[in-house]
There are 2 protein chains.
Amino acid sequence: MDQRQALAAFGALSQETRLHIIRMLVVSGPDGMAAGSIAEKAEVSPSNVSFHLKELERAGLIAQQRESRSIIYTANYEALGGLIRFLMEDCCGGNAEICAPAAAVAACCTPATKEELQ
Amino acid sequence: MDQRQALAAFGALSQETRLHIIRMLVVSGPDGMAAGSIAEKAEVSPSNVSFHLKELERAGLIAQQRESRSIIYTANYEALGGLIRFLMEDCCGGNAEICAPAAAVAACCTPATKEELQ
DNA sequence: TCAACGATTCAAGGATTATTGAAATATGGA
DNA sequence: TCCATATTTCAATAATCCTTGAATCGTTGA
């Protein structure tokens with residue numbers, strides 16, 4: 001993740017509807033969600049959700065794939081991890097104490113990872 | 001760090017000049033930097049840097065304090081750590097593998113923390 | 001082929017954000 | 001007090017982003 005991507009990702013996440021969408025897609029996992037379901041759950045119009053999905057895709061945070069009539073969107077875990085990494089390295093580069101609380105969260109996440117990863 | 005703050009923080013970091021400023025302030029540590037120095041290093045006009053500093057402060061990512069004629073800005077480490085934490089918990093809440101790369105970075109940061117903290 | 005469904009695209013508007021330069025504020029020293 | 005320094009505020013403009021509804025595109029089944 002370079003700075004260009006990070007700037008786009010921060011911009012994408014700075015909007016309430018889009019943050020909500022990302023949350024839903026992360027939770028829904030590899031199965032993802034159809035655009036219509038996203039619109040329904042987020043309570044926004046189809047054209048509006050389409051606008052925000054395009055924005056999230058442009059930032060590389062989600063991917064799409066057509067499934068019959070629906071278009072399924074999935075969160076890009078690699079990009080999200082990369083963004084966290086960018087934030088930490090950018091912040092840790094020189095001063096490290098910012099990462100301490102993050103390390104605590106990471107410690108709480110990694111046990112689950114052992115089971116989740118493959 | 002609640003969602004409102006996170007949205008503001010993401011918005012603040014989605015602008016090139018502001019990301020640059022945050023980087024400089026994190027590196028400069030508790031001493032911080034005067035507005036003029038920031039403007040000079042970032043190569044933007046005084047009024048423009050003032051605009052961006054206000055934006056960063058509004059998002060809670062930096063703090064200011066007057067020092068004679070200068071106004072010294074410092075990075076808010078707690079807020080930056082809180083933002084990383086928000087991103088991780090928001091992403092890890094349901095699926096954990098996103099945090100794996102972040103955990104790796106955290107592991108690389110924590111050794112330094114032992115010396116840096118106090 | 002035609003109709004219906006799921007979704008995107010487009011244009012218009014309104015709202016927010018960024019940049020600029022001039023004017024104003026605050027501080028410290030002659 | 002007066003001037004210089006450091007910075008902010010303000011107004012105007014430009015640029016970007018968000019929302020809305022209508023029109024369009026691709027897919028499926030009758």
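**Exercise 1. How many residues surround DNA strand D, and which are the closest?**

*Solution.* Keep in mind that this is a predicted model. Start by collecting the residues with a heavy atom within 4 Å of the strand. This gives 20 residues around DNA strand D, and the closest are A:R18, A:H52, B:G36, B:S50 and B:Y73. Next, turn to the DNA side: of the atoms of strand D that come within 4 Å of the protein, 63% belong to sugar and phosphate. Finally, sort the surrounding residues by character: six are nonpolar, nine polar and five charged.

**Exercise 2. Find side-chain N or O atoms of chain A that approach DNA strand D, and say which part of the DNA each one faces.**

*Solution.* Take the backbone of the DNA to begin with. The side chain of A:H52 has an N or O atom 2.7 Å from a phosphate oxygen of strand D. Now look at the bases. A:S47 places a side-chain N or O atom 3.2 Å from a base oxygen of strand D, and for A:R69 the distance from a side-chain N or O atom to a base oxygen is 3.2 Å. As a last step, ask which elements give two or more residues to the surface near the strand: chain A offers α4 (46-58), while chain B offers α3 (35-42), α4 (46-58) and β3 (70-75).

**Exercise 3. Work out how β3 of chain B is paired with other strands.**

*Solution.* Begin with β2(B), residues 62-67, which runs antiparallel to β3(B) and is joined to it by six bridges. Then place the residues: B:I62 has B:A75 as its bridge partner, and B:E67 stands opposite B:S70. Follow the chain through the turn, and you find a hairpin with two residues between β2(B) and β3(B). One to check there is B:S68, whose phi is positive, at about 60 degrees. Now add β1(B), residues 33-34, which pairs with β3(B) in the antiparallel sense over two bridges. Here B:M33 is the bridge partner of B:Y73, and B:Y73 has already appeared among the residues closest to DNA strand D.

**Exercise 4. What turn and shift lay chain A on chain B, and what relation is that?**

*Solution.* Superpose the two chains: a turn of 180 degrees with a shift of 0.0 Å along the axis lays chain A on chain B at an RMSD of 0.0 Å. The relation is therefore that of a two-fold axis. To locate the axis in chain A, look for the nearest C-alpha, which is that of A:F10 at 2.4 Å. To finish, compare the contact residues: 100% of those of chain A recur in chain B, so the same surface serves both copies.

Technical notes: Residues numbered from 1 in each chain as written. Chains lettered and ligands numbered in written order. Predicted model: local features only at pLDDT ≥ 70, side-chain atom pairs only at ≥ 80, totals over all residues. Heavy atoms only, no water. Polar contact = N/O pair within 3.5 Å; in protein donor to acceptor, adjacent residues only side chain to side chain. Helix = DSSP H or I, 4+ residues; strand = E, 2+ residues; numbered from the N terminus. Nonpolar A, V, L, I, M, F, W, Y, C, P; charged D, E, K, R; others polar. Pairing = 2+ DSSP bridges. Least-squares fit on C-alpha atoms with pLDDT ≥ 70 in both. Contact = heavy atoms within 4.5 Å.
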